[in-house]
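Reader: Please take a close look at the aromatic side chains and how they are placed, then carry on to the helix packing around them. Keep it plain, and give the cut-offs as you go.

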Amino acid sequence: MYQHSGISGAPTERGVDLVDACTRESIRLLERNLVGDGILAASVTPQAEARAYTRIFGRDAAICAIGMLGSGSRRLYDGAIASLDALARLQAANGQIPKYVDPHGAEADFWYLGCIDATLWWLLAVNEAKQHDPSLVDRWRQAEERAINWLLCQEHQRFYLLQQNEASDWADIMPRSGFVLYTNALWYRVKQIYDLPHLDVTRAQFNHLFQPYSQDYPNDRRTRLLQHYVRQRGKPQDLYLSFVNLSFFGDEGDVFGNLLAILSGLAGDSRAERIISALNRAGVADPYPIRAVCEPISEDHELWRPYMARHQQNREFQYHNGGIWPFIGSFWVIALAMLGKREQAQRELEKLALVNSLDNWRFTEWFHGKTLAPMGMAGQSWNAATFLLARRVVEGTARPEPPPMPLVESA
């Protein structure tokens, strides 16, 4: 069993020192992981090269860009812009942003069943860049239009939510398909930013489908049918479902998707409070922020897929199926801060600094959710970039309008 030296209680001098140290180390790591065409997903090692982590990933680089743009480092700012440029250059003819491009910006990959969230995160990062520098307003205009058109082609024309295959977003060996919580939380935010049609319907259908136990009964019969399957087999909970398909759904408790629903303003204040309380009860941030799911999918569960055992990677409490991901922990910190839970947010930020510091500032990709064994790649860029963003939000120094992630809205 791996041991840890935890941080608990009120903010401490040791914790503040760790936060300062993590800020310095995060900037150093990101600057080391820069290449001419942008930010690599992880530091260059033989293991990272073998697993293609030494690439500019659409979602990783876009998430990193949001953190890097306001870092105060000119190198990181320029690296963020270069990343967005590299992804735009190899945008597919139909408008899709690649899963990744190689570090020389010459070859793109789009994954097996498609990669829907790279396009969403790229649009969010492009918007962030334009807010930092209005002179960039036309830099990606045509690429933005193509990207939005591609996403609109994935949108159901009655629910006005995105549809996708399973294993086709960041959790690329998880069986979420149909209407997926994580993806549609991002889609709602994109629709807000770009003033896309049917925003109110998207919000209403999001809450009907992913929280089907509410008292708000939908008029649409197709929505009622999807709710019926969940109500027949599921049980009421405070968290949004991770996905809803025709006759099956995910109730494992997708932490990232629920946090993004809060940050996108989809949850509303009272539901956001219930989500945070449910995550606290599930202990997802103990000892480190944060476990990817509340209840991992076991091999005897009906949602288990053979590909989840590939490389023994996605078994219970591993990888996307309950591993501890520090970069998601940053969104946990941001959500707490934006809900006014400043003291808890500060404590969780200190824990985040601690987990990034383990093994001589390894910035480990993920940890086993039970044993705490360090897993995955060293020098994970989005650990560092999202930590910088989380600190700015906690300290109130993030660019206030518009915010780095959306402000919470009332339901």
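Author: A search of the whole structure finds 23 aromatic pairs, where rings of Phe, Tyr and Trp (its six-membered ring) pair if their centres lie within 6.5 Å. One of them joins Trp-170 and Phe-327, with ring centres 5.6 Å apart and planes at 80 degrees, so this pair is edge-to-face (planes over 60 degrees apart; under 30 is stacked and the rest tilted). Trp-170 belongs to the loop between helix H6 (141-152) and strand S6 (179-180), and Phe-327 to helix H12 (residues 326-338), so the pair ties together parts that are 157 residues apart in sequence. Helices (H or I, at least four residues) and strands (E, at least two) are DSSP runs, numbered from the N terminus.

This is a predicted model, in which local features need pLDDT of at least 70 and side-chain atom pairs count only at pLDDT 80 or more, while totals for chains, interfaces and linings use all residues. Residues are numbered from 1 along each chain as its sequence is written, and side-chain values use heavy atoms, with hydrogens and water left out.

Both rings of the pair belong to buried residues: Trp-170 has a relative accessible area of 5%, and Phe-327 has 0%. Buried means under 20% relative accessible area, exposed over 50%, and partly exposed in between (1.4 Å probe, protein chains only). Trp-170 and Phe-327 are also members of one aromatic cluster, together with Trp-121, Tyr-182, Phe-256, Tyr-319, Trp-325, Phe-331, Trp-366 and Trp-382.

A ring can also meet a charge. The charged end of Lys-99 sits over the ring of Trp-111, 4.4 Å from the ring centre (NZ of Lys or CZ of Arg within 6 Å of the centre and within 35 degrees of the ring normal).

Two members of the cluster, Tyr-182 and Phe-256, lead on to the helices. Residues 181-193 form helix H7, whose axis comes within 10 Å of that of H8 and crosses it at roughly 160 degrees. Axes are lines fitted to C-alpha atoms, for helices over the stretch in contact, with angles from 0 to 180 degrees between N-to-C directions. H7 is therefore roughly antiparallel to H8 (over 145 degrees; under 35 is roughly parallel, 65 to 115 roughly perpendicular and the rest oblique). On the H7 side, Leu-181, Asn-184, Ala-185, Tyr-188, Lys-191 and Gln-192 meet Leu-199, Thr-202, Arg-203, Phe-206 and Phe-210 of H8; contact means heavy atoms within 4.5 Å.

Within that interface, Thr-202 lies in helix H8 (residues 199-210) and is buried, at 0% relative accessibility. Leaving aside residues up to four places away in sequence, Thr-202 touches Glu-155, Phe-159, Tyr-160, Leu-161, Tyr-188 and Lys-191. Its C-alpha atom is 9.4 Å from that of Leu-162, a residue 40 places away in sequence.

Helix H10 (residues 255-263) packs on helix H11 (residues 268-282) at an angle of about 155 degrees, with the axes 10 Å apart. That makes H10 roughly antiparallel to H11. Val-255, Asn-258, Leu-259 and Ile-262 of H10 make the contact with Ala-272, Ile-275, Ile-276 and Leu-279 of H11.
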